[in-house]
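Dear colleague,

I am passing on to you the structure we spoke about, with the sequence alongside. Please look through it first, and then read the notes that follow.

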Amino acid sequence: MDVNAEPQALDLAAYLRRVEYEGALEPTAEVLRALHLAHATHIPFENLDVLLGRPIRLDLTSLQAKLVHGGRGGYCFEQNSLFAAVLDEIGFDVTRLAARVRSGATAVLPRTHMLLLVRCEGKTWLADVGFGAEGLLHPVPFGTGEVSEQYAWSYRVVQEGELWVLQSLHGGGWSDLYAFTLEPQHAVDYEMANHFTSTHPESRFRRTVTAQLATPGVRRVLRFGELTVDEGTTVTRRRVDDPDELLAVLDESFGLRMPAGTRFPTLA
(Lines give C-alpha, C1' and ligand atoms only; values in the text may rest on other atoms or scores of the structure.)
Protein backbone atom coordinates (compact mmCIF):
# COMPACT_ATOMS: atom_id res chain seq x y z
CA MET A 1 0.00 0.00 0.00
CA ASP A 2 1.53 3.31 -1.10
CA VAL A 3 0.96 5.87 1.67
CA ASN A 4 2.17 8.61 -0.66
CA ALA A 5 -0.31 7.82 -3.42
CA GLU A 6 -2.58 10.58 -4.67
CA PRO A 7 -6.16 10.45 -3.33
CA GLN A 8 -8.46 8.59 -5.67
CA ALA A 9 -11.37 10.47 -7.21
CA LEU A 10 -14.95 9.40 -6.65
CA ASP A 11 -17.25 9.59 -9.66
CA LEU A 12 -20.29 10.53 -7.62
CA ALA A 13 -22.51 11.10 -10.64
CA ALA A 14 -21.82 7.59 -11.95
CA TYR A 15 -22.50 6.10 -8.51
CA LEU A 16 -25.83 7.91 -8.26
CA ARG A 17 -26.84 6.59 -11.67
CA ARG A 18 -25.88 3.06 -10.60
CA VAL A 19 -28.16 3.18 -7.54
CA GLU A 20 -30.82 5.27 -9.33
CA TYR A 21 -30.75 8.04 -6.76
CA GLU A 22 -31.90 11.53 -7.78
CA GLY A 23 -32.54 13.13 -4.40
CA ALA A 24 -30.77 15.75 -2.32
CA LEU A 25 -27.05 15.53 -1.52
CA GLU A 26 -26.46 16.99 1.92
CA PRO A 27 -25.41 15.40 5.24
CA THR A 28 -28.84 14.87 6.78
CA ALA A 29 -30.53 11.82 8.28
CA GLU A 30 -33.10 11.85 5.48
CA VAL A 31 -30.42 11.72 2.79
CA LEU A 32 -28.49 9.00 4.64
CA ARG A 33 -31.63 6.89 4.84
CA ALA A 34 -32.47 7.36 1.16
CA LEU A 35 -28.94 6.68 -0.08
CA HIS A 36 -28.64 3.59 2.12
CA LEU A 37 -31.86 2.15 0.69
CA ALA A 38 -30.82 2.97 -2.88
CA HIS A 39 -27.44 1.26 -2.51
CA ALA A 40 -28.75 -1.80 -0.66
CA THR A 41 -31.46 -2.47 -3.24
CA HIS A 42 -29.35 -1.94 -6.37
CA ILE A 43 -25.87 -3.38 -5.74
CA PRO A 44 -26.04 -7.10 -4.89
CA PHE A 45 -23.96 -8.90 -2.31
CA GLU A 46 -21.86 -11.55 -4.10
CA ASN A 47 -18.59 -13.50 -4.02
CA LEU A 48 -18.23 -14.56 -7.66
CA ASP A 49 -14.71 -13.22 -8.18
CA VAL A 50 -13.48 -15.08 -5.09
CA LEU A 51 -14.55 -18.39 -6.62
CA LEU A 52 -13.13 -17.42 -10.01
CA GLY A 53 -9.73 -16.81 -8.44
CA ARG A 54 -9.72 -13.07 -9.08
CA PRO A 55 -8.22 -10.66 -6.51
CA ILE A 56 -10.61 -8.54 -4.46
CA ARG A 57 -9.20 -5.02 -4.57
CA LEU A 58 -10.36 -2.31 -2.17
CA ASP A 59 -8.87 0.80 -3.73
CA LEU A 60 -11.53 3.25 -4.89
CA THR A 61 -10.60 2.99 -8.57
CA SER A 62 -11.10 -0.79 -8.54
CA LEU A 63 -14.29 -0.57 -6.51
CA GLN A 64 -15.83 1.86 -8.96
CA ALA A 65 -14.71 -0.18 -11.97
CA LYS A 66 -16.42 -3.28 -10.57
CA LEU A 67 -19.47 -2.12 -8.59
CA VAL A 68 -20.34 1.10 -10.42
CA HIS A 69 -19.20 0.87 -14.03
CA GLY A 70 -19.08 -2.94 -14.24
CA GLY A 71 -22.59 -3.56 -12.92
CA ARG A 72 -21.30 -6.07 -10.40
CA GLY A 73 -21.71 -6.45 -6.65
CA GLY A 74 -19.37 -7.46 -3.87
CA TYR A 75 -19.11 -8.27 -0.20
CA CYS A 76 -18.79 -6.07 2.87
CA PHE A 77 -15.31 -4.61 2.33
CA GLU A 78 -16.19 -3.59 -1.21
CA GLN A 79 -19.73 -2.40 -0.52
CA ASN A 80 -19.09 -0.41 2.64
CA SER A 81 -15.79 1.03 1.41
CA LEU A 82 -17.59 2.44 -1.62
CA PHE A 83 -20.54 3.67 0.45
CA ALA A 84 -18.21 5.32 2.96
CA ALA A 85 -16.43 7.17 0.14
CA VAL A 86 -19.80 8.45 -1.09
CA LEU A 87 -20.80 9.60 2.40
CA ASP A 88 -17.41 11.29 2.86
CA GLU A 89 -17.86 13.14 -0.41
CA ILE A 90 -21.26 14.45 0.64
CA GLY A 91 -19.95 15.61 4.00
CA PHE A 92 -21.10 13.00 6.52
CA ASP A 93 -18.98 12.18 9.59
CA VAL A 94 -18.09 8.51 9.02
CA THR A 95 -16.18 6.07 11.23
CA ARG A 96 -15.16 2.73 9.73
CA LEU A 97 -15.44 -0.25 12.11
CA ALA A 98 -15.00 -4.03 12.13
CA ALA A 99 -17.22 -6.80 13.51
CA ARG A 100 -17.25 -10.50 14.28
CA VAL A 101 -20.14 -12.20 12.50
CA ARG A 102 -22.36 -14.25 14.82
CA SER A 103 -25.17 -15.20 12.45
CA GLY A 104 -24.75 -18.86 11.52
CA ALA A 105 -21.55 -19.16 13.57
CA THR A 106 -20.78 -21.99 15.97
CA ALA A 107 -17.48 -20.53 17.19
CA VAL A 108 -15.87 -17.12 17.64
CA LEU A 109 -14.96 -15.79 14.22
CA PRO A 110 -12.28 -13.22 13.27
CA ARG A 111 -13.23 -9.61 12.62
CA THR A 112 -14.06 -10.01 8.96
CA HIS A 113 -17.04 -7.69 8.60
CA MET A 114 -16.91 -3.98 7.83
CA LEU A 115 -19.58 -1.57 9.03
CA LEU A 116 -19.95 2.19 9.45
CA LEU A 117 -20.99 4.62 12.15
CA VAL A 118 -22.39 7.82 10.67
CA ARG A 119 -23.08 11.02 12.59
CA CYS A 120 -25.38 13.71 11.33
CA GLU A 121 -27.81 16.21 12.79
CA GLY A 122 -26.76 15.33 16.34
CA LYS A 123 -27.50 11.61 16.06
CA THR A 124 -25.42 8.50 15.37
CA TRP A 125 -26.45 5.69 13.04
CA LEU A 126 -25.16 2.24 12.22
CA ALA A 127 -24.97 2.03 8.42
CA ASP A 128 -24.19 -1.22 6.62
CA VAL A 129 -24.92 -1.97 2.96
CA GLY A 130 -22.65 -5.04 2.91
CA PHE A 131 -24.24 -7.76 5.05
CA GLY A 132 -26.32 -9.33 2.30
CA ALA A 133 -30.05 -9.99 2.27
CA GLU A 134 -30.21 -10.48 6.06
CA GLY A 135 -28.82 -7.01 6.50
CA LEU A 136 -30.15 -3.50 6.66
CA LEU A 137 -32.15 -1.52 4.14
CA HIS A 138 -32.03 1.59 6.33
CA PRO A 139 -29.52 2.74 8.94
CA VAL A 140 -30.26 1.78 12.56
CA PRO A 141 -30.13 4.27 15.46
CA PHE A 142 -26.99 3.68 17.52
CA GLY A 143 -26.61 3.93 21.29
CA THR A 144 -30.28 3.95 22.27
CA GLY A 145 -31.48 0.35 21.76
CA GLU A 146 -34.27 1.78 19.60
CA VAL A 147 -35.98 -0.75 17.32
CA SER A 148 -35.78 0.05 13.62
CA GLU A 149 -38.71 -1.43 11.70
CA GLN A 150 -37.75 -1.95 8.08
CA TYR A 151 -40.74 -3.25 6.15
CA ALA A 152 -41.21 -6.91 7.19
CA TRP A 153 -38.00 -6.94 9.28
CA SER A 154 -36.82 -5.27 12.48
CA TYR A 155 -33.37 -4.48 13.89
CA ARG A 156 -31.74 -2.95 16.94
CA VAL A 157 -28.25 -2.32 18.34
CA VAL A 158 -27.72 -3.33 21.98
CA GLN A 159 -24.74 -3.10 24.30
CA GLU A 160 -23.06 -6.26 25.63
CA GLY A 161 -20.30 -5.29 28.03
CA GLU A 162 -17.67 -3.53 25.92
CA LEU A 163 -19.29 -4.78 22.73
CA TRP A 164 -22.17 -3.56 20.62
CA VAL A 165 -24.39 -6.10 18.86
CA LEU A 166 -26.63 -5.72 15.82
CA GLN A 167 -29.69 -7.95 16.18
CA SER A 168 -32.64 -8.86 13.99
CA LEU A 169 -36.08 -10.04 15.07
CA HIS A 170 -36.94 -13.64 14.16
CA GLY A 171 -40.07 -15.46 15.26
CA GLY A 172 -40.64 -13.22 18.24
CA GLY A 173 -37.02 -13.39 19.47
CA TRP A 174 -33.90 -11.35 18.81
CA SER A 175 -30.95 -13.00 17.02
CA ASP A 176 -27.39 -11.65 16.88
CA LEU A 177 -26.04 -10.74 13.46
CA TYR A 178 -22.63 -9.42 14.52
CA ALA A 179 -20.73 -7.84 17.41
CA PHE A 180 -18.28 -4.94 17.24
CA THR A 181 -16.27 -2.40 19.21
CA LEU A 182 -15.90 1.30 18.51
CA GLU A 183 -12.20 1.12 17.60
CA PRO A 184 -11.76 2.92 14.26
CA GLN A 185 -10.29 0.77 11.51
CA HIS A 186 -7.77 1.76 8.86
CA ALA A 187 -7.42 0.68 5.26
CA VAL A 188 -4.61 -1.72 6.18
CA ASP A 189 -6.90 -3.47 8.69
CA TYR A 190 -9.40 -4.21 5.95
CA GLU A 191 -6.64 -5.34 3.59
CA MET A 192 -5.65 -8.03 6.10
CA ALA A 193 -9.22 -9.15 6.74
CA ASN A 194 -10.04 -9.06 3.03
CA HIS A 195 -7.05 -11.27 2.25
CA PHE A 196 -8.26 -13.88 4.76
CA THR A 197 -11.85 -13.69 3.54
CA SER A 198 -11.00 -14.07 -0.14
CA THR A 199 -8.12 -16.57 0.02
CA HIS A 200 -8.13 -18.67 3.21
CA PRO A 201 -9.29 -22.25 2.57
CA GLU A 202 -11.63 -22.09 5.59
CA SER A 203 -13.30 -18.84 4.56
CA ARG A 204 -17.06 -19.24 4.07
CA PHE A 205 -16.76 -17.16 0.92
CA ARG A 206 -14.71 -19.89 -0.75
CA ARG A 207 -17.26 -22.63 -0.08
CA THR A 208 -20.20 -21.77 -2.31
CA VAL A 209 -21.53 -19.41 -4.94
CA THR A 210 -23.53 -16.73 -3.15
CA ALA A 211 -25.57 -13.80 -4.38
CA GLN A 212 -28.01 -11.84 -2.27
CA LEU A 213 -30.25 -8.84 -2.81
CA ALA A 214 -33.01 -7.28 -0.72
CA THR A 215 -35.82 -4.90 -1.60
CA PRO A 216 -38.61 -3.55 0.62
CA GLY A 217 -40.84 -6.46 -0.39
CA VAL A 218 -38.55 -9.45 -0.92
CA ARG A 219 -35.16 -10.90 -0.05
CA ARG A 220 -33.42 -13.17 -2.54
CA VAL A 221 -30.56 -15.42 -1.47
CA LEU A 222 -28.60 -17.87 -3.62
CA ARG A 223 -26.37 -20.06 -1.50
CA PHE A 224 -25.37 -23.73 -1.33
CA GLY A 225 -27.09 -24.43 -4.64
CA GLU A 226 -30.48 -23.13 -3.47
CA LEU A 227 -32.40 -19.97 -4.35
CA THR A 228 -34.48 -18.67 -1.43
CA VAL A 229 -37.11 -15.98 -1.91
CA ASP A 230 -38.32 -14.47 1.37
CA GLU A 231 -41.32 -12.15 1.16
CA GLY A 232 -41.60 -11.62 4.90
CA THR A 233 -44.64 -13.86 5.41
CA THR A 234 -43.83 -16.59 2.87
CA VAL A 235 -40.57 -18.26 1.91
CA THR A 236 -40.00 -20.34 -1.24
CA ARG A 237 -36.93 -22.38 -2.17
CA ARG A 238 -35.72 -24.17 -5.27
CA ARG A 239 -32.56 -26.02 -6.22
CA VAL A 240 -30.18 -24.58 -8.81
CA ASP A 241 -28.08 -27.53 -9.92
CA ASP A 242 -27.22 -26.81 -13.55
CA PRO A 243 -24.32 -24.44 -14.38
CA ASP A 244 -26.25 -22.68 -17.15
CA GLU A 245 -29.31 -22.36 -14.92
CA LEU A 246 -27.04 -20.77 -12.32
CA LEU A 247 -25.94 -18.10 -14.78
CA ALA A 248 -29.59 -17.42 -15.65
CA VAL A 249 -30.53 -17.07 -11.96
CA LEU A 250 -27.62 -14.70 -11.34
CA ASP A 251 -28.85 -12.55 -14.22
CA GLU A 252 -32.59 -12.67 -13.64
CA SER A 253 -32.68 -12.50 -9.85
CA PHE A 254 -29.61 -10.38 -9.09
CA GLY A 255 -28.73 -8.48 -12.26
CA LEU A 256 -25.32 -10.18 -12.40
CA ARG A 257 -24.47 -10.89 -16.02
CA MET A 258 -21.57 -13.30 -16.35
CA PRO A 259 -20.15 -14.34 -19.75
CA ALA A 260 -21.76 -17.41 -21.29
CA GLY A 261 -19.89 -20.54 -20.35
CA THR A 262 -18.65 -19.18 -17.01
CA ARG A 263 -18.14 -22.05 -14.60
CA PHE A 264 -17.59 -21.90 -10.85
CA PRO A 265 -15.67 -24.52 -8.83
CA THR A 266 -18.83 -25.67 -7.03
CA LEU A 267 -22.55 -25.01 -6.88
CA ALA A 268 -22.95 -26.04 -3.27
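Threonine 95 lies in strand E2, which covers residues 93-101, and please keep in mind while reading that the model is a predicted one. With a relative accessible area of 16%, threonine 95 counts as buried, because that value falls under the 20% cut-off used for burial. Its side chain makes a polar contact, at 3.0 Å, with the side chain of arginine 119. Leaving aside residues up to four places away in sequence, threonine 95 touches Leu115, Leu116, Leu117 and Pro184 as well as Arg119.

Further along the chain there are three strands to go through in order. Strand E7 (residues 153-160) and strand E8 (residues 163-170) run antiparallel and are joined by six bridges, and within this pairing valine 157 of E7 stands opposite leucine 166 of E8. The two strands form a hairpin with two residues between them, and in that turn glycine 161 has a positive phi of about 65°.

Strand E8 is also joined to strand E9 (residues 173-180), with which it runs antiparallel, through seven bridges. Here the bridge partner of histidine 170 is glycine 173, which belongs to E9. E8 and E9 likewise form a hairpin with two residues between them, and the turn contains glycine 171, whose phi is positive at about 55°.

With kind regards

Terms used: Residues numbered from 1 in each chain as written. Predicted model: local features only at pLDDT ≥ 70, side-chain atom pairs only at ≥ 80, totals over all residues. Heavy atoms only, no water. Pairing = 2+ DSSP bridges. Helix = DSSP H or I, 4+ residues; strand = E, 2+ residues; numbered from the N terminus. Buried < 20%, exposed > 50% of the residue type's maximum accessible area, 1.4 Å probe, protein only. Polar contact = N/O pair within 3.5 Å; in protein donor to acceptor, adjacent residues only side chain to side chain. Contact = heavy atoms within 4.5 Å.
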